[in-house]
Amino acid sequence: MKNITIGVIGAGLIGRKHLTKLAERDDYDLVGIADVNADRVAADYPGTPVFADYRKLLDEARPEAVIIASPNQLHAEQGIECARRGIHILIEKPVTDTVETAASLIAEVRKAGIQSLVGHHRRHHQQVRTLKATLGDKRIGDVVGVSAIWATHKPAAYFEIAPWRSQAGGGPILINLIHEIDFLRFTVGEIVAVEAIASNRQRSFAVEDTAAALIEFDSGALGTFFISDSAVSPWTSEQGLGEAPEFPFSGESSYRFLGRAGSIEFPALVQWSQAGGAQDWNKPIQAQRIHASSIDPYVAQLDHFRDIIRGNARSLQPVEDGARSLIATLAVAEAAAGGRRVDLRHRYETLVLAAH
């Protein structure tokens, strides 16, 4: 079968990760890279056309598909230009930087009829797929609630390299929590309301370093989430899954899914239940490990992108779904700032209307 011609927009940290994975493929042909630092990128990728203007990549290299790995505020514009040329897009998370630009992108993608995939790579982990299937099969009964932690200590250099990270929008809610919000939507179901509080007491920056959120799901399940980038702990998804070398592996579970007939720790996938399906606090509870193989989610994501382009699969996360994760995450920041509950149902409906 003919290879898919593909381009990459943005050769920063995540863009280079995609380029490394593409170099190992025999089903994609890389036809160009776009980056404002074209000379430097060209020196690192000899033999591959490099363009300072992404539009030249689209018009001269004419790829069938593009990976958009540029800064968040450029996602919508670049995705729209791809859509207008009939180019399929794998767009890094968050899908865009605002709900308004997300609506514009969705409208253009629908009009063009192209395939889209948002790069929330965690959906492609085998452990995540196994968890979703286990919850869907009601092996722990109806989900009652979720308890989760994401806590690590970002070093001073993290903020010195990029001072914007100490300002509004650069804290763990918008930088890190969006991954977890998307993971919860994928495994438990739609989030319909949030409440939150936040603090900047540890670093005294203009942005939060710690936050706690209450989450309500459409099913009626409730969740609690503690997030901090100023606490040393082994409890992050990155450390638990071992998905990136920059996060030393801990293997510890940062999530607990609690159901009427049992519970599951994630990512260790330890299921707790009582013999015979009992639901009695006076009876012992036993642990059983659920096996799931470990795979590279970025490789699996490229496999899926190929399949949806060829018409062999439906997108695991089109831009419409990515926008919902953005809405829910922005709502946590809003709830923390205003000290109030934010209902999301009307916002999801408004997004659909705005995208038409």
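**Group meeting talk: sheet, strands and cores in a predicted model**

Let me begin with the record: the UniProt entry, which is unreviewed, lists residues 128-264 as "domain: GFO/IDH/MocA-like oxidoreductase". What we have on the screen is a predicted model, and in this model the chain over residues 128-264 is 26% helix and 30% strand, with the C-alpha atoms at the two ends of that stretch 12 Å apart.

The domain assignment, for its part, divides the protein into domain 1, which covers 4-114, and domain 2, which covers 123-296. The C-alpha centres of domain 1 and domain 2 are 30 Å apart, and the contact between them involves four residues of domain 1 and five residues of domain 2.

I would like to turn now to the open sheet, in which six strands are arranged in the order β3-β2-β1-β4-β5-β6, with parallel pairing. Which strands lie at the edges? They are β3, residues 50-51, and β6, each of which pairs on one side only. Further in, strand β1, residues 4-9, pairs with strand β2, residues 28-34, over six bridges in the parallel sense, and one pair you can look for there is G7 with its bridge partner G32 in β2.

Let us stay for a moment with β5, which covers residues 88-92 and has five of its five residues buried. In a regular strand, as a general point, side chains alternate between the two faces of the sheet. For β5, this puts H88, L90 and E92 on one side and I89 and I91 on the other, and these residues are all buried, so that both faces of the strand are covered.

What does β5 pair with? On one side, strand β4, residues 65-68, runs parallel to β5 and is joined to it by four bridges, with V66 standing opposite I89. On the way from β4 to β5 we meet helix α4, residues 75-84, and these three elements make a right-handed β-α-β unit. Four bridges also join β5 to strand β6, residues 116-119, again in a parallel arrangement, and here E92 has G119 in β6 as its bridge partner. The chain goes from β5 to β6 by way of helix α5, residues 99-112, and this β-α-β crossover, too, is right-handed.

A brief word about R84, which has its place in helix α4: is this residue buried or exposed? R84 counts as exposed because its relative accessibility is 55%, where the cut-off for exposed is over 50%. The C-alpha atom of R84 is 10 Å from that of L105, although the two residues are 21 residues apart along the chain.

Finally, we come to the nonpolar cores, and it helps to recall that in soluble globular proteins nonpolar side chains tend to be buried together. The largest core here has 70 residues, of which V95, L184, F225, Y255, F257, F266 and V319 touch the most other members. Helix α11, residues 319-338, gives the most to this core, with nine residues. Why does this core lie between the two domains? The reason is that domain 1 and domain 2 both give residues to it. If we take L184 and leave aside its neighbours within four places in sequence, its contacts are V146, G189, I215, F217, F225, Y255 and F257. There is also a second, separate core of 18 residues, and among its members are L19, L22, L302 and I309.

Notes: Residues are numbered from 1 along each chain as its sequence is written. This is a predicted model: local features need pLDDT of at least 70, side-chain atom pairs count only at pLDDT 80 or more; totals for chains, interfaces and linings use all residues. Side-chain values use heavy atoms; hydrogens and water are left out. UniProt positions are given in the numbering used here, feature names are shortened, and annotations may be inferred rather than shown by experiment. Buried means under 20% relative accessible area, exposed over 50%, partly exposed in between (1.4 Å probe, protein chains only). Two strands pair if DSSP finds at least two bridges between them. A crossover is right-handed if, with the strands pointing away from the viewer, the path from the first strand over the helix to the second runs clockwise. A nonpolar core is a set of buried Ala, Val, Leu, Ile, Met, Phe, Trp, Tyr and Cys residues joined through side-chain atoms within 4.5 Å. Domain bounds come from an automatic or database domain assignment. Contact means heavy atoms within 4.5 Å.
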